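Open the model in your viewer and keep the selection tool ready. We will go stop by stop.

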Amino acid sequence: MSLTRTEIVEQLQKIVGNDRVVTDEPTLQQRSIDNFRKLQSIFGVYTMPLPAAVAMVSNTDEVSRVLAFADQNGVNVVARTGGTATEGGLETPVENSVVIDGGLMNKIIKIDAYNMQATAECGVPLQLLEDQVRELGLTTGHSPQSKPIASMGGLVATRS
């Protein structure tokens with residue numbers, strides 16, 4: 001037996017707190033698609049199944065706990081931080097999915113200029129990282145038009 005939308009929301013609230021489980025319809029509509037369906041977003045015509053909720057995770061323990069809950073209960077999960085994908089990979093094709101948003105995980109942990117490596121959480125905005133590495137004479141080398149809206153989680157996921 002699959003969980004109801006209400007049961008999913010209640011369990012997520014136990015994991016990340018009531019204030020970090022988003023269930024308002026406009027947000028759920030926006031999070032059901034990515035830029036692959038740009039016209040739907042522009043005209044407000046959403047045809048993909050709505051997720052049950054968006055879980056705003058703030059650390060890896062919360063991510064692990066949300067994923068364990070989803071796995072144990074057969075709940076589809078879409079990991080999303082930036083949201084600019086253009087291949088349909090951020091869509092919620094299954095009703096009552098859970099969108100895990102890592103935007104609160106936004107710390108740059110370490111920049112190693114010698115090895116030209118950065119360690120960052122998934123919610124670090126590309127522009128922030130770019131600004132910091134440029135001070136060291138380096139660059140991320142990513143497309144300039146993405147810098148204001150991209151985040152590390154999405155960039156790494158597309159290259160994995």
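How many bridges join strand 2 to strand 4, and do these strands run parallel or antiparallel? Select residues 53-56 and 98-101: four bridges join strand 2 to strand 4, and the two run parallel. Strands pair here if DSSP finds at least two bridges between them. Helices (H or I, at least four residues) and strands (E, at least two) are DSSP runs, numbered from the N terminus.

This is a predicted model: local features need pLDDT of at least 70, side-chain atom pairs count only at pLDDT 80 or more, and totals for chains, interfaces and linings use all residues. Residues are numbered from 1 along each chain as its sequence is written, and side-chain values use heavy atoms, without hydrogens and water.

Now pick V54. V99 in strand 4 stands opposite V54. Next, select helix 4, residues 60-73. Helix 4 packs on the sheet and touches strand 2, strand 3 and strand 4. Touching means contact, with heavy atoms within 4.5 Å. The direction of helix 4 makes about 170 degrees with that of strand 4. Axes are lines fitted to C-alpha atoms, for helices over the stretch in contact; angles run from 0 to 180 degrees between N-to-C directions.

Show the whole sheet. It is open, with four strands in the order 1-2-4-3 and mixed pairing. Strand 1 (21-22) and strand 3 (77-80) stand at the edges with a single partner strand each, so one side of each has no neighbour in the sheet.

Move to residues 108-112 and 117-120. Strand 5 and strand 6 pair in the antiparallel sense over four bridges. Select I111: its bridge partner in strand 6 is A118. The two strands form a hairpin with four residues between them. In the turn, M116 has a positive phi of about 55 degrees.
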